[in-house]
Protein chains: 2
Amino acid sequence: MNSPKLQYSRRIRKTPYTDRVESLGVSGFSVVNHTILPKGFQHTEQEDYWHLREFVQIWDVGCQRQVSLKGPDAAYLAQLLTPRNLGSAEVGQCLYAPCIDQSAGMLNDPVILMLAEDHFWFSIADSDLLLWAKGIALGMGLTVEIDEPDVWPLAVQGPLSDQLMSEVFGDRIAQLRFFNFDYFDLDGTDFLIARSGFSKQGGFEIYVHNSALCSNVWDQIWSAGGVFNLRPGCPNLIERIEAGLLSYGNEMTRDDNPLHCGLDQFCDVNSDIHYIGREALQSAYSLGPERKITGIVFGEKSSGPCRYPWPVHVDGDAVGYVTSVAWSPRFERNVALAMIGIDYHAENTPVVVEAGTLRLPGVIKPTPMN
Amino acid sequence: MNSPKLQYSRRIRKTPYTDRVESLGVSGFSVVNHTILPKGFQHTEQEDYWHLREFVQIWDVGCQRQVSLKGPDAAYLAQLLTPRNLGSAEVGQCLYAPCIDQSAGMLNDPVILMLAEDHFWFSIADSDLLLWAKGIALGMGLTVEIDEPDVWPLAVQGPLSDQLMSEVFGDRIAQLRFFNFDYFDLDGTDFLIARSGFSKQGGFEIYVHNSALCSNVWDQIWSAGGVFNLRPGCPNLIERIEAGLLSYGNEMTRDDNPLHCGLDQFCDVNSDIHYIGREALQSAYSLGPERKITGIVFGEKSSGPCRYPWPVHVDGDAVGYVTSVAWSPRFERNVALAMIGIDYHAENTPVVVEAGTLRLPGVIKPTPMN
């Protein structure tokens, strides 16, 4: 069926780039953090997938709102909010960091930008982490300013990102290391730019810190992009599933802990740090997870989008559910992320996906799917 | 321009009524609390407006999620979260209650249902109040369970609501007083039903506490509704603006305090209660608000939807901005809610609304607009 239209209102915020994406013919939106996220333009998801893998795209990801922690207790609070050890983090670093509650349930999975020893931005997924941070700080009497600054991330993604960004911000940007940020001049203003983004095709995120500057940044990149076959784009569902990039609300909710999401490597569970959920997470580690996110490829025709958790069966037993799905033109199969019982993770384990009335055979395929 | 489509995903939750509204031809959705809210069916907003004023509608308002506070410190925490005095609240009462932060900024404007002396549901507007409540409770070490229960409100609104609901739940429901709730049997199950809803046309909200029961409740109401000209509907923008019903995110954000929103009557600012933001709110009261929400009627043609705060001018000076707007077939004017400087609130004050390139003359008209 066709998706009904999204009704506009002030409550669902535009970004400073919305006029630009509309003039380029945006065809769909999602809503993240009370803010619109473009979901497509003139091309199909599959065409955008091939283009993203070969060229370069500009994405309005203004919905990636920042939760700013600043002040004497900012570092203490930042560490409270995540089991990832921030003790050795350095200014200029980006850190992907699960945020959990006292039951170890996932609340968000932001990228933390360390701006200064006493200043952090949490670049958040779709939940009001601001309210969690504010509540904790107030309840504990911490001395820290917590707010959402006027920052509107703009992503440039794809293998030609380095060339395009060098044109606009100068050659020095090519030296920027993965998950680091630095400041780069454009027309006399310094812009915070990170080598990061919600794809595995390489690229940058520009944290434009003043909505009045956004149009010019967009326009300069757009103008320079012609020779690189630049197109407007958005996080591509096919690409992110194949890459194993998780989406909060899809692959994980408060009912899942970091182990369920395969985020072990971002948790320093037993290190000597003080974070919320420590006891519950240690207990989860000692028990081991009963389920975990993995990839699946299945079916010889597109299953359509997954609007509720499709059951996954092995030998007739329900062993989990699909969380996100797309048709991959590269595999000529549906590719999915799924939360699957821990005993069924071996590559090529045969599964059957129950997609509405369809029963579609497939196999377990760990991500990234190469 | 046409609204782009809303893309489905698991992250934007369906409700247990979504299958029903889809089979009835829902034409648009909004997103509230990470959950879809139908915004229209086969009829225009204006046709739905007249119908709502004359007959009865059934609304999927499952997006009104509940934040449940339960346990020894539930009452203490509930009071912390709002400047409304809950001390004399009784079990069975609904209380519209502004929730503010320590700067008196609005965080949400839920209806609180007092289920027991130690059990409250906050039926929330569009922000993750759950995370605020959990953060405060954790930070203060309170003994209270905080969760989102499996509750899916269903609204029946319009002047024939009493007759329809009596058919389904029995005549006793007609005795239910405004903003009270009680339990009513259907097929052997008791349902919590309140006389409340996001219109001024009268009606009920059924807090179905088990998603497996939702379809049957919908179907029974639907079956009984034919003789009352029952239609599927949704909160009607025209009706809510004329009624002066506020929408969190539209009329108010964290930048506004309860005085700005005209919510004085719901704040016991100086009473002997302990709530977050007391000092800031007392200060705001002693200074008086510099701006406040009011109604406006303007223009002789539809202005279209308001996607950013349209400036409002008096004698050439910018005095505020429009927050929500719709074309009223009753007034044959645009009706709007607007945040306007406190000196310009006299009824019939001439204003000019700057709607994009248009300059539309109108007047201040306090709500409710009769």
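## A tour of the predicted model

The model holds 14 aromatic pairs over all chains, and it is a predicted one. Start with two of these pairs.

Select A:F178 and A:F179. Their rings form a tilted aromatic pair, with 4.8 Å from centre to centre and 40° between the planes. The two residues fall in separate burial classes: A:F178 is exposed at a relative accessible area of 59%, whereas A:F179 is buried at 19%.

Go to chain B and select B:Y49 with B:W50. This pair is edge-to-face, with centres 5.2 Å apart and 70° between the planes. B:Y49 is buried, its relative accessible area being 0%, while B:W50 is partly exposed at 40%.

Widen the selection to helix α2 of chain B, residues 45-54, where B:D48, B:Y49, B:H51 and B:L52 are buried. An α-helix has 3.6 residues a turn, so residues three or four places apart point the same way. To see what covers the buried residues of α2(B), display β4 (57-60), β12 (152-157), β16 (231-233), α7 (237-243) and β19 (317-328) of chain B, which are among the covering elements.

**The sheet in chain A**

Return to chain A and colour six strands. They make an open sheet in the order β13-β14-β15-β12-β4-β16, with mixed pairing. The edge strands are β13 (181-186) and β16 (231-233); each has a single partner strand, so one side of each lacks a neighbour in the sheet. From one strand to the next the twist averages 30°.

Within this sheet, pick β4 (residues 57-60) and β12 (residues 152-157) of chain A, which pair in the antiparallel sense over 4 bridges. For a single bridge, select A:Q57, whose partner in β12(A) is A:Q157.

Now add the helices that pack on the sheet. Helix α2 of chain A (residues 45-54) touches β4, β12 and β16 of chain A, and its direction makes about 120° with that of β4(A). Helix α5 of chain A (residues 161-169) also packs on the sheet, touching β12, β13, β14 (189-194) and β15 (203-208) of chain A, at about 35° to the direction of β15(A).

**Arginine over tryptophan**

Select A:R65 and A:W152. The arginine lies over the face of the tryptophan, 3.7 Å from the ring centre. In chain B, select B:R65 and B:W152: the charged end of B:R65 sits over the ring of B:W152, at 3.7 Å from its centre.

**Two polar contacts**

Stay in chain B and select B:Q220, which is in helix α6 (residues 214-225). B:Q220 is partly exposed, with 27% relative accessibility. Leaving aside residues up to four places away in sequence, B:Q220 touches B:V168, B:L186 and B:D187. With B:D187 there is a polar contact between side chains, at 2.7 Å. Add B:F169 as well: B:Q220 and B:F169 are 51 residues apart in sequence, and their C-alpha atoms are 9.8 Å apart.

End in chain A at A:E242, located in helix α7 (residues 237-243). Is A:E242 buried or exposed? A:E242 is buried, at a relative accessible area of 4%. Not counting residues up to four places away in sequence, A:E242 touches A:Y49, A:R53, A:S328, A:R330, A:F331, A:V335, A:T367, A:P368 and A:M369. Of these contacts, show the one with A:R330, where the side chains of A:E242 and A:R330 make a polar contact at 2.7 Å.

Conventions:
Residues are numbered from 1 along each chain as its sequence is written. Chains are lettered from A and ligands numbered from 1 in the order in which they are written. This is a predicted model: local features need pLDDT of at least 70, side-chain atom pairs count only at pLDDT 80 or more; totals for chains, interfaces and linings use all residues. Side-chain values use heavy atoms; hydrogens and water are left out. Rings of Phe, Tyr and Trp (its six-membered ring) pair if their centres lie within 6.5 Å; planes under 30 degrees apart count as stacked, over 60 as edge-to-face and the rest as tilted. Buried means under 20% relative accessible area, exposed over 50%, partly exposed in between (1.4 Å probe, protein chains only). A charge sits over a ring if NZ of Lys or CZ of Arg is within 6 Å of the ring centre and within 35 degrees of the ring normal. Two strands pair if DSSP finds at least two bridges between them. Helices (H or I, at least four residues) and strands (E, at least two) are DSSP runs, numbered from the N terminus. Axes are lines fitted to C-alpha atoms, for helices over the stretch in contact, and angles run from 0 to 180 degrees between N-to-C directions. Contact means heavy atoms within 4.5 Å. A polar contact is a pair of N or O atoms within 3.5 Å; within protein, one must be able to donate a hydrogen and the other to accept it, and residues adjacent in sequence count only if both atoms are side-chain atoms.
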